[in-house]
Amino acid sequence: MLPGRRLLLISVLVLLSACGRETVPPQVAADSSPQSASSGAPGLVTIRAVGMSFQGPETIPAGWTTFRFENTSAMVHFAMIDRPPAQVDLQTFDEQLMAPFQLAMDAMNANDEAAVNAAYATFPAWVGDLERHGGPGLLSAGLVGQTTVFLAPGRYVLECYVKTDGVFHTTSPGNGQLGMVLEFTVTSEDNGALEPRANARFTLSNSGITLEEGALRAGSNTIRVDFAEQQALPSFVGNDIHLLQLSGPRDLQAAAEWMDWRTPDGLQSPSPVRFLGGIQDMAAGRHGYFSVDLEPGDYALMAEVPEPLGMGLVLPVSVSGP
Ligand SMILES: [Cu+2]
């Protein structure tokens, strides 16, 4: 069992008892031939947020995979890559996990703590075996993000649990329909893509985001994120990184308050700030990349965790002119 999975399981047990924009193309191997399911460049996969659903390929080859995430909707979205246990199909995923999360949210909005705990108590045992493999971070309406992760063969599920009118995008709209989840299979074929090269490398730990090498710059950036540590918080989330634009003195605080999905307005679209992408949770020891074009100005890297300012999981960054 991976450390991240063990931590998530611990978190679940605690709960049960106590209650990316326009970017740089990926590096291409000289001897590889185009074979991606959805575009010409090796490892490049386009996924689209349309309204409250994902569109994307059903099958992709393995290796370093760059998800070009086109948010064509009027809402903020992300695309977390989950890997459910083999016996959990998409319908089971919806019924046993997405549905109880919505019941818990409804109970939180009603200030009914007993009902929150009752909803958490129905979480399936397999939730402890759910792996997270990164994926594009929070991205505002109309933007394009790009996030690169290494994917081994297997079955994966994209999910976005941003809320609209108190309802998670992952929640089924009824009649057996699925919410904002999309299943895809990574085959044993090698996509031939090389690992990206970054101009800035950050380390993410349980208590901080640190710039290790390089710098953000005006123009195109490819940012490497090393997940030095991972944690499973009582809110079921862990360490990840999202890039946001700071346009006013209140933005940092407003974004930090918005990052807790358990509050009525938390993680609810529209967001108080503009999000430019990032990289979702991965297990400790792994790393991934996201790419973004930046204008000179003020930005921040922030984790989607409750009270990121208090946890130290915020790093303001300034980009100066060329
Ligand atoms: Cu969404």
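The questions and answers below concern a predicted model. Local features need pLDDT of at least 70 and side-chain atom pairs count only at pLDDT 80 or more, while totals for chains, interfaces and linings use all residues. Residues are numbered from 1 along each chain as its sequence is written, and side-chain values use heavy atoms, with hydrogens and water left out.

Reader: Which residues coordinate the copper ion?
Author: Donors are N, O and S atoms within 2.8 Å of the metal (3.2 Å for Na, K and Ca), and since water is not among the atoms, sites may look incomplete. In sequence the donor residues follow the spacing H-x82-C-x8-H. At 2.0 to 2.1 Å, the copper ion is held by ND1 of His-77, SG of Cys-160 and ND1 of His-169.

Reader: Is Glu-70 buried or exposed?
Author: Buried means under 20% relative accessible area and exposed over 50%, with partly exposed in between (1.4 Å probe, protein chains only). The relative accessible area of Glu-70 is 15%, so Glu-70 counts as buried.

Reader: Which residue forms a salt bridge with Glu-70, the closest N and O atoms being 2.8 Å apart, and lies in strand E1?
Author: A salt bridge is a side-chain nitrogen of Lys or Arg within 4 Å of a carboxyl oxygen of Asp or Glu. Strands (E, at least two residues) are DSSP runs, numbered from the N terminus, and Glu-70 belongs to strand E3 (residues 59–71). Its partner, 22 residues apart in strand E1 (residues 44–50), is Arg-48.

Technical notes
Helix = DSSP H or I, 4+ residues; strand = E, 2+ residues; numbered from the N terminus.
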